[in-house]
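Colleague: I'd like a close look at one part of this model, namely the charged side chains. Could you walk me through them?

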Amino acid sequence: MKKIILLLLTTLILTSFNEYPTSEFSIVGKWKGEDEKDIGYITFQDDGYAYFEFQGQIIGGKEFVVNGKKGTMTYEVNYLKTPIEIDIIVQKIESGEINKLLCIVENIEKNVIKLQMDFNGNRPIEFDDKEAIIFQRVE
């Protein structure tokens, strides 16, 4: 009897400290969005790297170059917050300097999200219909 109680207690504790909720939603994938008639993509890879694709240019991933400087782009997601929080992290490889783009995401449908970014270093606390972008998963 003690073994059964210990097993149940251990299972309960382990599931209580799960990093992700039991929701089926995952940000991993390639997402297509339209902003003022411009089409762009954002990809969140399962290895923690992210990249943007716009007008044929790809910026981000494990290593990229902008203005002669090498960088890397990763992301962190917190599914436990409402709305979901995503930090897109750009690090200059040479200097180690880090910049973060703080975002919030709402899972609207199975493969549709609303993404709100703030380019001033603040995390949005709510969605602004004029600024938020709707993305559809394409991969």
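Modeller: Sure, and keep in mind that this is a predicted model. Let's start with K70, which is partly exposed because its relative accessible area is 45%, between the 20% and 50% cut-offs. The side chain of K70 meets that of E63 in a salt bridge, with 3.7 Å from N to O. That pair is one piece of a bigger tally: the structure holds 7 salt bridges.

Next up is R123. Its partner is D87, and the closest N and O atoms of this salt bridge are 2.6 Å apart. The two residues come from distant parts of the chain, 36 residues apart: R123 lies in the loop between strand 9 and strand 10, while D87 belongs to strand 7, which covers residues 84-92. Their surroundings are worth a look too. R123 has a relative accessible area of 23%, so it counts as partly exposed. D87 comes out at 11%, so it counts as buried. The pair doesn't stand alone, either: E85, D87 and R123 are linked in a network of salt bridges.

The loop between strand 9 and strand 10 turns up again with D129, whose side chain meets K114 of strand 9 in a salt bridge. Here the N to O distance is 4.0 Å, and the pair links distant parts of the chain, 15 residues apart. As for cover, K114 is buried because its relative accessible area is 16%, under the 20% cut-off. D129 is exposed because its value is 67%, over the 50% cut-off.

While we're in that loop, have a look at N120, which sits between strand 9 (112-118) and strand 10 (133-137). N120 has 66% relative accessibility, so it counts as exposed. Its C-alpha atom is 8.9 Å from that of L102, and the two residues are 18 residues apart along the chain.

Last, there's a patch of negative charge on the surface, made up of E34, D35, E36, D38, E126, D128 and E131. Of these, D38 can be placed in strand 2, which runs over residues 38-44. D38 is partly exposed because its relative accessible area is 35%. Why can D38 be in the patch at 35%? Patch members need over 30% relative accessible area and no salt bridge, so a partly exposed residue at 35% clears the area cut-off.

Definitions and conventions
Residues numbered from 1 in each chain as written. Predicted model: local features only at pLDDT ≥ 70, side-chain atom pairs only at ≥ 80, totals over all residues. Heavy atoms only, no water. Patch = residues over 30% accessible without salt bridge, like charges linked within 9 Å, V, L, I, M, F, W, Y side chains within 5 Å. Areas by Shrake-Rupley, 256 points an atom, 1.4 Å probe, with all protein chains shown as cover. Lys, Arg positive; Asp, Glu negative; His and termini not counted. Charge placed at Lys NZ, Arg CZ, Asp CG, Glu CD. Helix = DSSP H or I, 4+ residues; strand = E, 2+ residues; numbered from the N terminus. Buried < 20%, exposed > 50% of the residue type's maximum accessible area, 1.4 Å probe, protein only.
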